There are 2 protein chains.
Amino acid sequence: MPAGDSLPRHVCPQCGTIHYQNPKLVVGCIAEWHDRILLCRRSIEPRYGLWTLPAGFMENGESTAQAAIRETLEEACARVEIEQLFSLVNVPHINQVHLFYRARLLDIGFAAGLETLETQLFAEDCVPWQSLAFQTVALCLQAYFADRRRGRFGLHEDCIERRGKQA
Amino acid sequence: MPAGDSLPRHVCPQCGTIHYQNPKLVVGCIAEWHDRILLCRRSIEPRYGLWTLPAGFMENGESTAQAAIRETLEEACARVEIEQLFSLVNVPHINQVHLFYRARLLDIGFAAGLETLETQLFAEDCVPWQSLAFQTVALCLQAYFADRRRGRFGLHEDCIERRGKQA
């Protein structure tokens, strides 16, 4: 435990550098095209073949909104305009915080990116609820469609606790 | 650049471990006591002697709300109940994302923590605007008092760009 700190840290025994381990941000989009939203079927593990919102790890030097736009472009080749932060989901047992923005698709020229088998627009009653890759995505989409039905979008905050299943 | 990646990474030449560098979350509270809010005067660098909201780096294994409660306890010995996420401020040039929650002080038994010279409750017209430690805190407090005057709190998202001054 470094002097003045309250937790044990990874410290290099040679040079004394402290390697802090902090939660990572995963950022993505609910990309809307009229009454449909864009999902991606994963071509990588974990959860190969299951459906997810375009999202991924935020990188240094970008903002959360820029990360959401970049991930949507990388995974779904889709260009979006950010509307509003919609969902913050904590997943403390894997040291992640997930943020999802509502965003507007600028056109329907989307396609599968490198980590994606296929991309598709889904109306609410066609969402593949039984084949979603992550619990964070399911929570976010449930809140999204509930808000849309009542005609007003809020900010939704959740925390997923460990329970055998990974988030 | 590791296979399948799109950015150069720090890779250990001996064992091949990839050390990803990602933005860090700084999380804190606007702790309310009736019409006043709690500020802390810093006893550490950077910005020794200037005023700030209780906030600090989120740790692994906790949620954002838990981090806000913990930091408020550590820096101001203050016990709070979280109300709502109020502000998300990106500071991409230092690879940070700051989150501030509105919170209710449970009692006024606050006191200076280890990184604090003194703690004090401030009404809006007494806030030391010229002696605030960070631009993220100033932005957050401006939005907070503006929302309070209009009687409704929203979520505020900002991005601070580099301009000579550190955020």
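# Notebook: a serine in strand 7, the strands around it, and the A–B interface

**Entry 1, B:Ser87.** I began with the neighbours of B:Ser87 and, leaving aside those within four places in sequence, I found it in contact with B:His98, B:Leu99, B:Phe100, B:Cys140, B:Leu155 and B:His156. I note at the outset that this is a predicted model. I placed B:Ser87 in strand 7 of chain B, and I recorded a relative accessibility of 2%, so B:Ser87 counts as buried.

**Entry 2, strand 3 of chain B.** One of the contacts of B:Ser87 is B:His98, and I followed that residue into strand 8 of chain B, where B:His98 is the bridge partner of B:Val26. Strand 3 and strand 8 of chain B pair in the parallel sense, and I noted nine bridges between them. I then looked up the other pairings of strand 3 of chain B. With strand 6 (residues 55–57) of chain B the sense is antiparallel, over three bridges, and here the bridge partner of B:Val26 is B:Phe57. With strand 4 of chain B the sense is again antiparallel, over two bridges, and B:Trp33 stands opposite B:Arg36 of strand 4.

I looked at the turn as well: strand 3 and strand 4 of chain B form a hairpin with two residues between them, and B:His34 in that turn has a positive phi of about 55°. How many of the ten residues of strand 3 of chain B are buried? I noted eight, under the cut-off of 20% relative accessible area, so this strand, residues 24–33, is largely enclosed by the rest of the structure.

**Entry 3, salt bridges within chain B.** Searching the whole structure, I obtained 22 salt bridges over all chains. As a reminder to myself, side chains of opposite charge can pair when their charged atoms come close.

I took B:Glu118 and B:Arg41 as one pair to examine, and their closest N and O atoms are 2.7 Å apart. B:Glu118 belongs to strand 9 (residues 116–122) and B:Arg41 to strand 4 (residues 36–42) of chain B, so this salt bridge ties together parts that are 77 residues apart in sequence. I have B:Glu118 down as partly exposed at 30% relative accessibility, and B:Arg41 as partly exposed too, with a relative accessible area of 25%.

I also looked up the salt bridge of B:Arg79 with B:Asp107, in which the closest N and O atoms are 3.0 Å apart. What parts of chain B does the pair tie together? B:Arg79 is in the loop between helix 1 (64–76) and strand 7 (80–91), while B:Asp107 is in the loop between strand 8 (96–105) and strand 9, so the linked parts are 28 residues apart in sequence. B:Arg79 is partly exposed, with a relative accessible area of 46%, and B:Asp107 is partly exposed at 27%.

**Entry 4, a network in chain A.** Turning to chain A, I found that A:Glu62, A:Arg70, A:Glu71 and A:Glu74 are linked in a network of salt bridges. Within it I checked the salt bridge between A:Arg70 and A:Glu71, for which the closest N and O atoms are 3.0 Å apart. Are these two residues buried or exposed? I recorded both A:Arg70 and A:Glu71 as buried.

For a reference point elsewhere in the chain I chose A:Pro13, which lies in the loop between strand 1 (10–11) and strand 2 (18–19) of chain A. A:Pro13 is exposed, with a relative accessible area of 81%. Its C-alpha atom is separated by 37 Å from that of A:Glu71, and the two residues are 58 residues apart along the chain.

**Entry 5, the interface of chain A and chain B.** I counted 30 residues of chain A in contact with 30 residues of chain B. The area buried between the two chains is about 2500 Å², and carbon and sulfur atoms give 51% of it. I found two salt bridges across this interface, and one that I looked up joins the side chains of A:Arg9 and B:Glu59, at 2.6 Å from N to O. I also noted twelve residue pairs in polar contact across the interface, both residues of each pair being at pLDDT 80 or more.

Which elements of chain A supply at least two residues each of the side that touches chain B? I listed strand 3 (24–33), helix 1 (64–76), strand 7 (80–91), strand 8 (96–105) and strand 10 (156–159). By class, I entered that side of chain A as 15 nonpolar, nine polar and six charged residues.

Methods
Residues are numbered from 1 along each chain as its sequence is written. Chains are lettered from A and ligands numbered from 1 in the order in which they are written. This is a predicted model: local features need pLDDT of at least 70, side-chain atom pairs count only at pLDDT 80 or more; totals for chains, interfaces and linings use all residues. Side-chain values use heavy atoms; hydrogens and water are left out. Contact means heavy atoms within 4.5 Å. Buried area is the accessible area (1.4 Å probe) that two parts lose on being put together, summed over both. A polar contact is a pair of N or O atoms within 3.5 Å; within protein, one must be able to donate a hydrogen and the other to accept it, and residues adjacent in sequence count only if both atoms are side-chain atoms. Helices (H or I, at least four residues) and strands (E, at least two) are DSSP runs, numbered from the N terminus. Ala, Val, Leu, Ile, Met, Phe, Trp, Tyr, Cys and Pro count as nonpolar, Asp, Glu, Lys and Arg as charged, and the others, Gly among them, as polar. Buried means under 20% relative accessible area, exposed over 50%, partly exposed in between (1.4 Å probe, protein chains only). Two strands pair if DSSP finds at least two bridges between them.
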